[in-house]
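Could you walk me through how to read the features of a fold, one step at a time? I would like the general idea and then the case at hand.

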Amino acid sequence: MRKRKEVIKCMMILSLLLILLGGCQRAPEASIEVTEITGERVVEAFPELAASTLANAELVALPEDVVIYSGDIVIRESLIDERVEDVPDHIREQLLNNKFFIVEHRFEELFLLERAREMFVDSPDHQGLSDRELFEDFYFRLTADIEVTQEEMREFYESNRAMMGDAGFSDVAFRIEVFLLQQKQEAFLDAYLRDQLRDRVIYVSDRHIRDYGASAIMNPIEQVRANGRPSMINFGRVDNPTCQRMAPAREAIRNKYRDRVDVVFIPVDKETYLSSRFAIRMIPTTIFFDGEGLEVKRLVGLLTEQEMEQEIERLL
């Protein structure tokens with residue numbers, strides 16, 4: 001059992017390293033001049049971005065190429081442009097409209113590396129290790145107590161029998177465990193970031209963020225998250241049999257709660273970046289957001305109208 005758990009954790013770490021540390025370099029130590037402090041925060045300029053980890057960042061005037069400055073973390077526009085250019089053509093336009101979230105993600109990368117270095121600054125065993133090695137040990141310690149129970153695995157299996165085909169529980173148990181553990185770890189990491197960044201002083205370029213933010217809020221998810229009502233976002237494909245079976249129930253819920261809850265369908269084959277940003281790994285996946293735009297529940301697999309209604313009633 002211990003060996004099985006170590007294998008799963010290693011798989012999770014490799015996955016997160018690819019997400020968090022791809023192309024990541026040590027943050028430069030620099031002194032950046034901050035001028036024209038507006039007193040306005042990102043969330044005040046763009047209420048639609050209230051759920052962002054940069055929501056409380058201060059809008060200021062920064063040097064031409066600097067987008068974010070916080071302690072030793074400096075993010076420049078040239079780095080963001082490089083990342084946008086280094087992707088296939090079919091998703092480049094999506095990234096150009098989501099530069100705000102690329103900046104947010106990059107800041108989270110560097111902040112987590114900063115915390116990892118702080119944790120091991122006095123540890124002789126960690127001197128000379130690469131960023132990837134430091135993060136691996138940091139992540140092990142941070143998530144050591146997170147586990148998936150047999151009951152949770154069995155419940156997921158029973159709730160998603162339509163997706164399992166003829167496979168028995170023992171045939172897919174390991175994959176279910178990996179998937180559920182990854183979900184728990186990502187939720188923990190998100191909560192950890194929000195807690196650690198609560199009192200962090202973060203300066204963002206007023207000029208850049210107003211430009212990025214205006215584009216970022218144009219996608220359908222950010223628009224409904226900002227309107228003060230709960231929302232149900234369903235990720236899937238119109239040609240997927242399970243998604244097709246779920247569509248009538250989704251539309252029934254849309255009609256029943258038309259004035260109280262926003263219901264949105266996101267086609268993952270067309271909204272590649274949005275699907276990646278919300279970590280969609282299986283379809284259908286349905287995410288429920290409260291009236292403040294915060295994710296409160298994520299369910300994978302076929303949902304009945306009754307199951308959707310049950311989750312929505314909890315938000316009202």
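The dialogue below goes through sheets, cores and aromatic pairs in this predicted model.

Q: Let us begin with the sheet. In what order do the four strands lie in the open sheet?

A: As a general idea, strands of a sheet pair through backbone hydrogen bonds, either parallel or antiparallel. Here the four strands follow the order E1-E4-E2-E3, and their pairing is mixed. Strand E1 (58-60) and strand E3 (73-76) each have a single partner strand, so they stand at the edges and one side of each lacks a neighbour in the sheet. On average, neighbouring strands are turned by 20° against each other, direction ignored.

Q: How do I read the mixed pairing? Which sense does E1 take with strand E4, parallel or antiparallel?

A: Go along the sheet pair by pair. E1 and strand E4 (residues 203-205) are parallel, with three bridges, and Val-60 faces Ser-205 of E4 across the pairing. E4 and E2 run antiparallel and are joined by two bridges; there Ile-68 has Val-204 of E4 as its bridge partner. E2 and E3 are antiparallel as well, over four bridges, with Tyr-69 opposite Val-74 in E3.

Q: What should I look for in the hairpin of E2 and E3?

A: Look at the turn. Two residues lie between the strands, and Gly-71 takes a positive phi near 65°.

Q: Which helices pack on the sheet, touching E2 and E3?

A: One is helix H3 (residues 77-85), which touches strand E2 (66-70) and E3, its direction making about 55° with that of E3. Another is H5, which also touches E2 and E3; its direction is at about 155° to that of E3. As for E2 itself, five of its five residues are buried, so this strand is largely enclosed by the rest of the structure.

Q: Now the interior. Which residues have the most contacts inside the largest nonpolar core?

A: The general idea is that in soluble globular proteins, nonpolar side chains tend to be buried together. In this model the largest nonpolar core has 42 residues, and Ile-68 and Phe-100 have the most contacts inside it. At least two core residues come from each of E2, E3, H3, helix H4 (89-96), H5, helix H6 (131-142), H9 and helix H10 (206-216). The most come from H5, which gives 10 residues.

Q: What is Ile-68 in contact with, leaving aside its neighbours within four places in sequence?

A: Its contacts include Leu-54, Leu-62, Val-103, Phe-107 and Ile-202. Also among them are Ile-73, Val-74 and Ile-75, together with Tyr-203 and Val-204. There is a second, separate core too: it has 14 residues, including Val-148, Phe-156, Met-164 and Val-172.

Q: On to the rings. How many aromatic pairs does a search of the whole structure find?

A: A pair of aromatic rings is described by the distance of the centres and the angle of the planes. The search finds 10 such pairs. Take Phe-107 and Phe-111: the centres are 6.4 Å apart and the planes are at 20°, so this pair is stacked. These two residues are about one helical turn apart, because they are four residues apart in helix H5 (residues 99-119). Phe-107 has 0% relative accessibility, so it counts as buried, and Phe-111 is likewise buried at 0%.

Q: And what geometry do Tyr-157 and Phe-169 show?

A: Their pair is edge-to-face, with 5.6 Å from centre to centre and 75° between the planes. It links distant parts of the chain, 12 residues apart: Tyr-157 belongs to helix H7 (residues 150-159) and Phe-169 to helix H9 (residues 169-196). Both Tyr-157 and Phe-169 are buried. Phe-169 also has Arg-154 over its face, at 3.9 Å from the ring centre.

Q: Which residues do ring pairs link into a cluster?

A: Phe-135, Phe-138, Tyr-139 and Tyr-192 are linked in this way.

Q: One last strand, please. Are the faces of E5 covered or open?

A: Compare the residues on its two sides. Ser-231, Ile-233 and Phe-235 on one face, and Met-232, Asn-234 and Gly-236 on the other, are all buried, and both faces are covered. E5 pairs in the parallel sense with strand E6 (residues 262-267) over six bridges, and Gly-236 has Pro-267 of E6 as its bridge partner.

Definitions and conventions: Residues numbered from 1 in each chain as written. Predicted model: local features only at pLDDT ≥ 70, side-chain atom pairs only at ≥ 80, totals over all residues. Heavy atoms only, no water. Phe/Tyr/Trp six-rings, centres within 6.5 Å; stacked < 30°, edge-to-face > 60°. Buried < 20%, exposed > 50% of the residue type's maximum accessible area, 1.4 Å probe, protein only. Lys NZ or Arg CZ within 6 Å of the ring centre and 35° of its normal. Pairing = 2+ DSSP bridges. Axes fitted to C-alpha atoms, helices over the stretch in contact; angles between N-to-C directions. Contact = heavy atoms within 4.5 Å. Core = buried A, V, L, I, M, F, W, Y, C linked by side-chain atoms within 4.5 Å.
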